[in-house]
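Biologist: Before we discuss the binding site and the backbone, may we have the model on display?

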Amino acid sequence: MDLEIEGNAALVTASSSGLGKASAIALARDGANVVVNGRDEDRLADAVEEVEGEATGEVVGVEGDLTDSDDTERLVERTVEEFGGLDHLVTSAGGPPSGPFLETNDEDWYDAYDLLVMSVVRLVREATPHLRDGDGGTVVTITSRSVKESIDALVLSNSVRMSVIGLEKTLSKELAPEVRANAVLPGAHETARIRELVEQGVERGDYESYEAGVSERGQANPLGRIGDPMELGNTAAFLSSPKSGYINGESVVVDGGQSAGNL
Ligand SMILES: NC(=O)c1ccc[n+]([C@@H]2O[C@H](COP(=O)([O-])OP(=O)(O)OC[C@H]3O[C@@H](n4cnc5c(N)ncnc54)[C@H](OP(=O)(O)O)[C@@H]3O)[C@@H](O)[C@H]2O)c1
């Protein structure tokens, strides 16, 4: 399917690895010009090279920390400078630490809010005039299936990410009709984040080994495996495309059917 985004300008945050990178690749494969972002210079340079290898348009790396308001402002400015506008904003971020409620302190909660919610607030505020200027602006927010079903030992993700869904639903009304806003809710996909969570689970004694943890997570899924990051990235690109033009304000779960809710 041609996503009809050739020549459009896209900013994908936290895209030097994992789900953000997969989304950048999916957009770049269909001809969008893409800004790739992360904090670590070397990881970012590697990701830019990888995305470029799949791209027909331009790919630019912009370093920046999503918890820094100056950096988020600069990310949007640089995208507009490089590509002459901004059509598609895809927000990813790092993940909050895992662990039970009683092991979290105030700082953990504020940090999680800053990383997961305020980064999106600031990016969308900065990006909106540009998204409205174009022909079919979109915001896609990568969150987690934890907003549908709470996940054990992820109290910060289970709680804080709900705000992003409220924000996205509000944006889908307030920014329409020029801009559509949707969220994607990944289940487990094989990225550095999942490696980190499984390794923390091994340390807590939840799993015997890393391999056992990955296998257990896969077996708990109706499809018998954890996801390939591109399966999430392709969904983010589809939601950015005019081919999904009547989908607005939705939270699309990409978890192989793991969540048990009927809706
Ligand atoms: N993978 C999964 O199965 C899964 C499932 C549900 C939800 N999620 C959520 O989806 C999001 C992405 O996960 P992932 O699996 O793609 O993780 P990942 O592979 O670890 O990638 C995280 C990316 O975010 C960047 N990053 C982290 N903190 C940042 C910051 N403050 N500013 C800018 N960039 C930052 C990292 O680069 P630098 O460190 O160099 O900055 C890296 O590029 C996370 O919120 C995660 O919790 C993931």
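The exchange below concerns the overall fold, the ligand site and some backbone details.

Biologist: How many helices and strands does the chain have?
Modeller: This is a predicted model. Its C-alpha trace spans about 50 × 40 × 35 Å along the principal axes. As for secondary structure, the chain has eight helices and seven strands.

Biologist: What radius of gyration does the chain have, and what would a compact globule have?
Modeller: Buried residues account for 49% of the 263 residues in the chain. For 263 residues, a compact globule would have a radius of gyration near 18 Å. The chain agrees with that expectation, because its own value is 18 Å.

Biologist: Which residues come nearest to the ligand?
Modeller: The shell around the ligand divides into nine nonpolar, 14 polar and six charged residues. Of the 29 residues around the ligand, those that come nearest are S16, R39, R161, H189 and T191.

Biologist: What distance separates the side chain of S16 from an oxygen atom of the ligand?
Modeller: Polar contacts to ligand oxygen atoms can be examined one side chain at a time. A polar side-chain atom of S17 lies 2.7 Å from an oxygen atom of the ligand, and for a polar side-chain atom of R161 the distance to a ligand oxygen is 2.7 Å. For an N or O atom in the side chain of S16, the distance to an oxygen atom of the ligand is 2.6 Å.

Biologist: How much of the area that the ligand exposes when taken alone does the protein bury?
Modeller: The contact of R161 with the ligand, at 2.7 Å, belongs to this picture. Taken alone, the ligand exposes 880 Å². The share of this area that the protein buries is 92%.

Biologist: Which element gives the largest share of the shell around the ligand?
Modeller: At least two residues of the shell are supplied by each of α1 (18-29), β2 (33-38) and α6 (192-204). The largest share amounts to three residues, and the element that gives it is α6.

Biologist: Where does the ligand lie with respect to domain 1 and domain 2?
Modeller: Domain 1 comprises 9-187 + 228-251, and domain 2 comprises 190-226. Because both domains give residues to the shell around the ligand, its place is between domain 1 and domain 2.

Biologist: Which backbone nitrogen lies 2.8 Å from a polar side-chain atom of D228?
Modeller: D228 sits in the loop between α7 (210-219) and α8 (229-240). With 40% relative accessibility, D228 counts as partly exposed. The backbone nitrogen that lies 2.8 Å from a polar atom of the D228 side chain is that of M230.

Biologist: Which two residues does a cis peptide bond join?
Modeller: Most peptide bonds are trans. Here, omega of about 5° marks a cis bond. P177 is found in the loop between α5 (155-174) and β6 (179-186), and the residues joined by the cis bond are A176 and P177.

Biologist: What is the phi of E4?
Modeller: Most residues other than glycine have a negative phi. E4 lies in the segment before β1 (9-12) and, with a relative accessible area of 46%, is partly exposed. Although E4 is not a glycine, its phi is positive, about 55°.

Biologist: Is A153 buried, exposed or partly exposed?
Modeller: A153 is found in the loop between β5 (137-142) and α5. Its phi is near 65°, a positive value in a residue other than glycine. Because its relative accessibility is 25%, A153 counts as partly exposed.

Key:
Residues are numbered from 1 along each chain as its sequence is written. This is a predicted model: local features need pLDDT of at least 70, side-chain atom pairs count only at pLDDT 80 or more; totals for chains, interfaces and linings use all residues. Side-chain values use heavy atoms; hydrogens and water are left out. A residue is near a molecule or strand if one of its heavy atoms lies within 4 Å of it. A polar contact is a pair of N or O atoms within 3.5 Å; within protein, one must be able to donate a hydrogen and the other to accept it, and residues adjacent in sequence count only if both atoms are side-chain atoms. Accessible areas come from the Shrake-Rupley method with a 1.4 Å probe; for residues, only the protein chains shown count as cover. Helices (H or I, at least four residues) and strands (E, at least two) are DSSP runs, numbered from the N terminus. Ala, Val, Leu, Ile, Met, Phe, Trp, Tyr, Cys and Pro count as nonpolar, Asp, Glu, Lys and Arg as charged, and the others, Gly among them, as polar. Domain bounds come from an automatic or database domain assignment. The radius of gyration is taken over C-alpha atoms; the globule rule is 2.2 Å times the number of residues to the power 0.38. Buried means under 20% relative accessible area, exposed over 50%, partly exposed in between (1.4 Å probe, protein chains only).
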